[in-house]
Amino acid sequence: MIHTKRYYCNTYEAGGRELIIEGPVEPQRLAAMTFDEGLKAFRVPEEQQKALVEIAELPEGRIIIARDGDLVLGYVTFLHPDPMERWSEAKMEDLLELGAIEVSHKVRAAGVGKAMLMLAYLDDAMEDYIVISTEYYWHWDLKGTGLDVWGYRKIMEKVMGSIGMVWMATDDPEICSHPANCLMARIGKRVPNESIMRFDQVRFQNRFMY
């Protein structure tokens, strides 16, 4: 499969700043930027920047960012599912995972996450993919937002829903380990039926339970 990537760029007002929302960003440009100190949900900003540069280097990898000058204040990643997760077992070239979405507290609650996702879907090539998002409550910034798990999940569903992602059932043990966890997915308009069937097979591996 040829992973076509078309670059898009928009301006967006947030927290008194005029941000540039752009992507997919090339690894060299991403490496030359600075990550805001508030981007620390997964690891320290410098280490997260290195991880995102590596994703941008992948054939299928897509990084969408929100920046003020050369200061990155938010990002979204798309790539093939982690080899350690069941979603990689299908070995589907047209299955991507929305691996992370993070926005600095400096511009949070201003719709930046939604703006980055909507820019990602300006690229018609995204209609060739099934895109999933695995939502685990232990990744959520409950302390920083003051929300409980259900309030945070409601926000995540709204953000993901802005690009047409919907809740989908699964028997994946990690997702089933807590009722607030969930699988969300968007099936592109040109995804063939064979891929949809393979995706359904990996969603449910213990059908005797249903």
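These numbered points walk through some features of the structure shown above.

1. **What kind of model this is.** Before you start, keep in mind that this is a predicted model. The values below are computed from that model, so please read them in that light.

2. **Strand S5 and its cover.** A good place to begin is strand S5, which spans residues 71–79. Is this strand mostly covered or mostly open? It is mostly covered, with 8 of its 9 residues buried. Keep S5 in view, as several of the next points come back to it.

3. **S5 and S4.** Strand S4 covers residues 62–68. S4 and S5 run antiparallel, and 7 bridges join them. One pair to look for is Ala-66 with its bridge partner in S5, Gly-74. The two strands form a hairpin with 2 residues between them. In that hairpin, Gly-69 takes a positive phi near 65 degrees.

4. **S5 and its other partners.** Strand S6, residues 95–103, also runs antiparallel to S5, and 6 bridges join the two. Here Thr-77 has Ala-100 in S6 as its bridge partner. What about strand S3, residues 34–35? S3 pairs with S5 in the parallel sense, over 2 bridges. If you want to find this pairing on screen, look for Thr-34, which stands opposite Leu-71 in S5.

5. **Gln-49 in helix H2.** Now move to helix H2, residues 45–57, where you will find Gln-49. Is Gln-49 buried or exposed? Its relative accessibility is 12%, and buried means under 20%, so Gln-49 counts as buried. What does its side chain reach? A polar atom of that side chain lies 2.9 Å from the backbone oxygen of Leu-30. The side chain of Gln-49 also reaches the backbone oxygen of Ala-31, at 3.4 Å. Setting aside neighbours within four places in sequence, Gln-49 is in contact with Leu-30, Ala-31, Met-33, Thr-34 and Phe-35. You have met Thr-34 already, as the residue opposite Leu-71.

6. **Gln-48, next in line.** Gln-48 is found in helix H2 too. With a relative accessible area of 4%, Gln-48 is buried. Which residues does Gln-48 touch, leaving aside its neighbours within four places in sequence? They are Phe-42, Arg-43 and Tyr-75.

7. **The largest pocket.** The largest pocket has a volume of about 1500 Å³. It is lined by 49 residues, and those nearest its centre are Phe-42, Ala-100, Ile-101, Glu-102 and Met-156. Two of these names are familiar: Phe-42 is in contact with Gln-48, and Ala-100 is the bridge partner of Thr-77. Which element gives the most to the lining? That is S6, with 7 residues. H2, S5, S6, H3, strand S7 (130–135) and helix H5 (149–161) each supply at least two residues. By class, the lining of this pocket has 24 nonpolar, 13 polar and 12 charged residues.

8. **The cavity.** Rolling a probe the size of a water molecule over the atoms shows where empty space is left. How many cavities of 30 Å³ or more does the structure hold? There is 1. About 40 Å³ of space lies in the largest cavity. Its lining is made up of Arg-6, Gly-23, Pro-24, Arg-62, Ile-64, Phe-78, Leu-119, Ala-120 and Asp-123. Strand S4 and helix H3 (112–120) are the elements that give two or more residues to this lining. Sorted by class, the lining has 5 nonpolar, 1 polar and 3 charged residues.

9. **A cis peptide bond.** Most residues other than glycine have a negative phi, and most peptide bonds are trans. With that in mind, look at Gly-23 and Pro-24, which are joined by a cis peptide bond with omega of about -5 degrees. Pro-24 lies in the loop between strand S2 (17–23) and helix H1 (27–31). Gly-23 and Pro-24 are also among the residues that line the largest cavity.

10. **Two positive phi values in loops.** Lys-91 is not a glycine, yet it has a positive phi of about 50 degrees. Lys-91 lies in the loop between S5 and S6 and, at 70% relative accessibility, counts as exposed. Ala-109 likewise has a positive phi, near 65 degrees. Its place is in the loop between S6 and H3. With a relative accessible area of 85%, Ala-109 is exposed.

Definitions and conventions
Residues numbered from 1 in each chain as written. Predicted model: local features only at pLDDT ≥ 70, side-chain atom pairs only at ≥ 80, totals over all residues. Heavy atoms only, no water. 1 Å grid on protein atoms, 1.4 Å probe; cavity = no way out; pocket = protein on both sides within 12 Å on 5 of 7 lines; lining within 4 Å. Points joined across faces, edges and corners; volume = space filled by probe spheres on them. Helix = DSSP H or I, 4+ residues; strand = E, 2+ residues; numbered from the N terminus. Nonpolar A, V, L, I, M, F, W, Y, C, P; charged D, E, K, R; others polar. Buried < 20%, exposed > 50% of the residue type's maximum accessible area, 1.4 Å probe, protein only. Polar contact = N/O pair within 3.5 Å; in protein donor to acceptor, adjacent residues only side chain to side chain. Contact = heavy atoms within 4.5 Å. Pairing = 2+ DSSP bridges.
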